[in-house]
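Please walk through the strands of this chain and the backbone details in the loops between them.

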Amino acid sequence: MDPTSSETYTAAQVLTVTKSLHVGEGTPGAVTITLANGVDGRVFRLMGTDDVNTITVLNSGNMLLRSDVTLGLGDSILLMFILGGVTGIVNKWVELSRST
């Protein structure tokens, strides 16, 4: 799949990160998704494509975010998976930056 192909996400979907850029919208309507654990050091960007069918990611579980984030048209969040080690962070997607 082309890294810029648009995807649709469903409520409570668990997204498995397979590329450096996932772009899409919720269906039907706005949705909240989670992310499956990743590969240590993996960096990827999640970008929204619609201001009505937004994608929300919560700061809970395996997510370490500044706060919950809702992605509309052109909004994005850059994340890195940390498996563990000297950082004290174990099995978490860590927010590197966001543009909302």
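Two strands are taken to pair if DSSP finds at least two bridges between them. The model discussed here is predicted. By that definition, E7 and strand E10, residues 92-99, pair in the parallel sense over 2 bridges. Within this pairing, Leu64 stands opposite Val94 in E10.

The E7-E10 pairing belongs to an open sheet of 6 strands, in the order E1-E3-E5-E9-E10-E7, with mixed pairing. Strand E1 (6-9) and strand E7 (63-64) stand at the edges of this sheet; each has a single partner strand, so one side of each is left without a neighbour in the sheet. For E7, the partner is E10, which follows from the order of the strands.

A further open sheet has 4 strands, ordered E2-E4-E6-E8, and its pairing is also mixed. Its edge strands are strand E2 (14-15) and strand E8 (69-71), and each of these pairs on one side only. Which sense does the pairing of strand E6 with E8 take, and over how many bridges? Strand E6, residues 55-57, and E8 pair in the antiparallel sense over 3 bridges. Among the residues involved is Ile55, whose bridge partner in E8 is Leu71. In general, the strands of a sheet pair through backbone hydrogen bonds, and they do so either parallel or antiparallel.

The loops come next. Where does Ala12 lie? Ala12 is placed in the loop between E1 and E2. E1 is an edge strand of the sheet of 6 strands, and E2 is an edge strand of the sheet of 4. The phi of Ala12 is near 65 degrees, a positive value in a residue other than glycine. Is Ala12 buried or exposed? Ala12 has a relative accessible area of 64%, and the cut-off for exposed is over 50%, so Ala12 is exposed.

Pro28 lies in the loop between strand E3 (21-26) and strand E4 (31-35). The peptide bond that leads from Thr27 to Pro28 is cis, with omega near -10 degrees. Of the strands flanking this loop, E3 is listed in the order of the 6-stranded sheet, while E4 is listed in that of the 4-stranded sheet.

The last loop considered here runs between strand E9 (76-82) and E10, and Asn91 is located in it. Asn91 is not a glycine, yet it has a positive phi of about 50 degrees. Its relative accessibility is 30%, so Asn91 counts as partly exposed. E9 and E10 stand next to each other in the strand order of the 6-stranded sheet.

Notes:
Residues numbered from 1 in each chain as written. Predicted model: local features only at pLDDT ≥ 70, side-chain atom pairs only at ≥ 80, totals over all residues. Heavy atoms only, no water. Buried < 20%, exposed > 50% of the residue type's maximum accessible area, 1.4 Å probe, protein only.
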